[in-house]
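Dear colleague,

Here is the structure I promised to pass on, together with its sequence. Please keep both open while you read the notes that follow.

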Amino acid sequence: MIDASTNLTDTEVAAAAALAGAEVVRARYGRIHSRIDKGAGDFATDADLAAEQAILDVIRAARPGDAVHGEEGGRQGAADAEREWLVDPLCGTLNFATGAQLVAVNVVLRNGPAAVADPFSGEVFLTDGESTRVRTGVPGDERPLTPTADTRLVDVNLDPPFPSAPGFRAVDLLAHPGFIENFRPRVVSTTLALAWVAAGRRAAYVTDGGDLSGSVHFAAGIALCRAAGCVVTGVDGRPVGPGGSGGSGLVAAADAGTHELLMSMIGDRGRNSRNG
């Protein structure tokens, strides 16, 4: 628990909160979990709820005047609060419930610092909005994030249903002949993959959807990628995130060349779908 009197930066609050949630997720891994049906095939587990509570405890202790919007509990705090934290306590709930360790804990101050924690590697990916780094869990081991497309691995989010930009669904990208010629698809099914783009472990991440810049699922990863110098737009090419125009879906690429190539394929699939 954070002592409210400690003088932590917002970045450190985000990190402490994400790690508190990650600790709960890790401790509950492998158990039989109760499920709370959210409709359309989506659900939360008792681990989601407990992790969100741990995150809220940290933020409330350190920033008692701020509002918090959690995936499970909705918005809490003063209605007129000027600052709001977005919290996704367990991104990859289905992975977690079926015993896969591909999950993320996402905490971000809206339009500000962010943290994404991996409960099982012990890593936490951080940004203050300008610089980025990863802490490995080994005391003193902290490294800057350096995006690179060298892996050629592109994570494609296939979770349905998403309202998408006209004529394009992320799954369509996998059928483009140029995709397999240039990249190798991966389906991690968690926004941890966005942190991996910022860290150079993925060349890009693609999902359809609406405006995701204020989503509890995506906002922390978008903040990391933007601060790391990745090219981040919607599938329609419009910017997302602070100062953006609300692009639909998300294409986060390690560099401009990768982004340009993916956008050309997305355009092809969209045109083919409309002409079909």
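Gly200 follows helix H6 and has a positive phi, near 85°, in what is, please bear in mind, a predicted model. The helix before Gly200 spans residues 192-199, and because seven of its eight residues are buried, H6 is largely enclosed by the rest of the structure. The buried residues are Leu192, Ala193, Leu194, Ala195, Trp196, Val197 and Ala198.

One of the surroundings of this helix is an open sheet of eight strands, which has mixed pairing and runs in the order S4-S3-S5-S6-S7-S8-S9-S10. Strand S4 (74-76) and strand S10 (142-144) are its edge strands, each of which pairs on one side only, and neighbouring strands in this sheet are turned against each other by 15° on average, direction ignored. H6 packs on this sheet, where it touches S6, strand S7 (114-117) and strand S8 (124-127), and the direction of H6 makes about 65° with that of S8. Helix H7 (residues 219-228) lies across S5, S6, S7, S8 and strand S9 (132-135), and runs at about 110° to S7.

Within the eight-stranded sheet, S5 and strand S6 (residues 104-109) run antiparallel and are joined by five bridges, with Leu86 standing opposite Val108 in S6. Cys91 belongs to S5, which covers residues 84-91. Is Cys91 buried or exposed? Its relative accessibility is 8%, and because buried means under 20%, Cys91 counts as buried. Leaving aside residues up to four places away in sequence, Cys91 touches Leu102, Val103, Ala104, Asn106, Thr190 and Thr191. Of these contacts, Leu102 is eleven residues from Cys91 along the chain, and the C-alpha atoms of the two are separated by 8.7 Å.

There is also an open sheet of five strands, again with mixed pairing, in the order S12-S11-S13-S15-S14. Strand S12 (184-186) and strand S14 (231-233) stand at its edges with a single partner strand each, so that one side of each has no neighbour in the sheet. On average, and with direction ignored, neighbouring strands here are turned by 20° against each other. Strand S11 (residues 153-156) and strand S13 (residues 204-211) run parallel and are joined by three bridges, and Asp155 stands opposite Tyr205 in S13.

With best regards

Methods:
Residues numbered from 1 in each chain as written. Predicted model: local features only at pLDDT ≥ 70, side-chain atom pairs only at ≥ 80, totals over all residues. Heavy atoms only, no water. Helix = DSSP H or I, 4+ residues; strand = E, 2+ residues; numbered from the N terminus. Buried < 20%, exposed > 50% of the residue type's maximum accessible area, 1.4 Å probe, protein only. Contact = heavy atoms within 4.5 Å. Pairing = 2+ DSSP bridges. Axes fitted to C-alpha atoms, helices over the stretch in contact; angles between N-to-C directions.
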